[in-house]
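Hi there,

Here's the structure I promised to pass on. Have a look at it first, and my notes on what turned up are underneath.

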Amino acid sequence: MCEVSVEQQQEQEISDLEQQDGSSMTGNGVILVVNHSRVRPPFSVVLATLLYCAEFISAAWLCSVYRKSHDVAWMSFTIVFMLLPAVLIQLTLTFIHRDLGRDRPLVLFLHLLLLGPVIRCFEALLVYFKAGKQEEPYVTISRKISLKKGQRMPIEWEIGQSERNLAAHRNAFKRTAVIQAFLGSTPQLTLQLYASIQEKYFLPTRLALMIITLISITYGALVCSVLAIQIRYDDYKVQLRPLAYLCMIVWRGLEIAVRITALVLFSSALTHWVILVVGANLLFFFFLPWGEFWAKKGSLTENVEKNFSKLGTTVVLCMFTLLYACINIFCWSAVQLDLSHRELIERKQHWERLAMYYFGRFLENFLLVALWYFFKSDFYEYVCAPLLCVQLLVCYSMAVLFMLIFYQFCHPCRRLFKHNIHDGLHWICCRSGSGRETGRMPSSYSTAATMVLVSEGPLEHLVGQRDAGIVDDMMEAA
């Protein structure tokens with residue numbers, strides 16, 4: 001939602017282009033890679049569009065089933081959780097592509113029909129299939145640092161118009177995927193699972209919608225993790241291996257599934273108290289960035305949108321903070337907000353916040369499941385309740401384990417860390433065993449992921465000053 005963040009993410013997407021035509025060494029030691037022959041297919045755009053359409057259609061179908069069975073309450077909530085993310089997605093796409101100031105009546109009309117992602121996907125595919133048919137002059141240069149076998153290699157790419165347009169579409173759909181996942185799919189999945197427990201049976205249509213929403217939530221959480229890595233390591237060429245994606249999918253899938261199950265079980269036993277639990281979580285994470293902002297005595301950033309007034313900027317920041325709070329209710333957002341910063345995102349990784357979040361969330365899930373166990377209804381008399389409680393806690397512990405495995409072995413920038421997780425755990429054990437402070441953490445025996453980052457001084461020396469020919473404005477996608 002932040003203009004500067006969108007620009008940087010477009011440059012990051014562009015930097016992932018593969019080396020196709022060869023390379024040459026410039027005078028300042030930077031490898032110049034020219035790539036005009038091949039453009040990566042917009043798979044993320046197609047996937048986000050398919051998830052949007054599948055969830056919308058299945059929710060509408062389920063609403064018709066509820067209407068025939070006169071389930072007015074379930075139908076009303078299903079419609080709300082179907083339309084709310086759809087409207088926000090139309091506004092987001094219009095805001096990012098700046099269509100209000102352009103003469104595109106057909107596109108705006110399709111957005112009014114909630115078909116914005118479909119026409120955007122069609123535009124992205126059209127750009128992809130037209131790319132490479134004629135030679136394009138490059139419109140900008142992207143400079144990144146490539147990590148190969150522990151060596152840092154600065155590389156420059158000449159970016160054509162097609163690559164830049166596709167990068168704009170990819171980054172717009174990344175944000176819509178997050179909105180769809182945490183403002184629509186998570187409450188929708190929670191509602192349908194609760195309805196299934198209350199009605200004591202699973203409708204085929206409801207089951208299909210639940211599966212689609214779970215896939216959408218996992219994909220949205222995956223996008224959050226990848227965006228956090230790209231923002232934190234903006235100067236590096238970030239490439240994730242398939243094993244890293246698999247590890248993140250298991251980590252995020254288990255984390256979200258256990259969280260939603262714990263909330264639904266608790267709500268089935270203590271219906272009204274779940275409103276207090278969710279409301280307290282929402283208010284805490286919503287006001288946390290604002291509290292830090294007021295504590296720093298900062299001023300509102302003026303880079304959200306040039307034409308916005310103070311009121312408009314505040315409204316956009318509130319919506320951005322609301323999305324941040326909704327993400328943290330169900331899973332770790334992977335980023336921290338800084339409302340006084342021009343990018344709205346704090347690049348420094350706070351590992352203590354990560355540890356506190358998962359420790360607190362584990363305790364909360366344990367309390368929710370324990371309260372459900374003591375106040376559960378007769379519907380669960382044929383369910384082994386103690387075994388179910390243990391399974392949920394074990395699954396959440398497995399989610400944390402896969403998170404540690406990701407940072408230890410699969411993080412794309414793990415070679416930039418100074419100490420690995422093994423060193424941190426060994427230091428904690430030795431400190432608690434000896435009962436006194438130890439000097440420093442032992443040096444890492446490997447190049448695996450760690451919890452402490454090295455100084456960025458060598459990076460600045462390696463990159464140097466940006467050339468004047470590098471264009472920073474990546475927003476204009478004609």
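**What I found**

About 23,500 Å² of the chain is exposed, and 67% of that comes from carbon and sulfur atoms (areas by the Shrake-Rupley method with a 1.4 Å probe; for residues, only the protein chains shown count as cover). Bear in mind that this is a predicted model, where local features need pLDDT of at least 70 and side-chain atom pairs count only at pLDDT 80 or more, while totals for chains, interfaces and linings use all residues. Residues are numbered from 1 along each chain as its sequence is written, and side-chain values use heavy atoms, with hydrogens and water left out.

The chain has 14 helices and 8 strands (DSSP runs numbered from the N terminus: H or I of at least four residues for helices, E of at least two for strands). Of its 478 residues, 51% count as buried (under 20% relative accessible area; exposed is over 50%, and partly exposed is in between, with a 1.4 Å probe and protein chains only). Take the contacts in the chain with a separation of 6 or more: 75% of them are between residues 24 or more positions apart (contact means heavy atoms within 4.5 Å).

On the surface, L106, F109, L112, L113, L115 and V118 make a nonpolar patch of about 600 Å². Patch residues have over 30% relative accessible area and no salt bridge, and nonpolar side chains (Val, Leu, Ile, Met, Phe, Trp, Tyr) are joined within 5 Å; a salt bridge is a side-chain nitrogen of Lys or Arg within 4 Å of a carboxyl oxygen of Asp or Glu. Helix α4 (residues 105-112) gives the most to this patch, with 3 residues. L115 sits in the loop between α4 and α5 (116-130), and counts as partly exposed because its relative accessibility is 37%.

Next, a helix pair: the axes of α8 (residues 242-269) and α9 (residues 273-296) come within 8 Å and cross at roughly 145° (lines fitted to C-alpha atoms over the stretch in contact, with angles from 0 to 180 degrees between N-to-C directions). R259, L263, F266 and S267 of α8 make the contact with W273, V274, V277, V278 and N281 of α9.

Two buried spots to finish. T205, in helix α7 (residues 204-232), counts as buried because its relative accessibility is 12%. Leaving aside neighbours within four places in sequence, T205 touches S58, W61, L62 and V65. H411 lies in the loop between α12 (385-410) and β7 (417-419) and is buried, at 2% relative accessibility. Its C-alpha atom is 9.0 Å from that of R241, 170 residues apart along the chain.

Cheers

Definitions and conventions:
Patches are made of residues with over 30% relative accessible area and no salt bridge: like charges are joined within 9 Å, nonpolar side chains (Val, Leu, Ile, Met, Phe, Trp, Tyr) within 5 Å.
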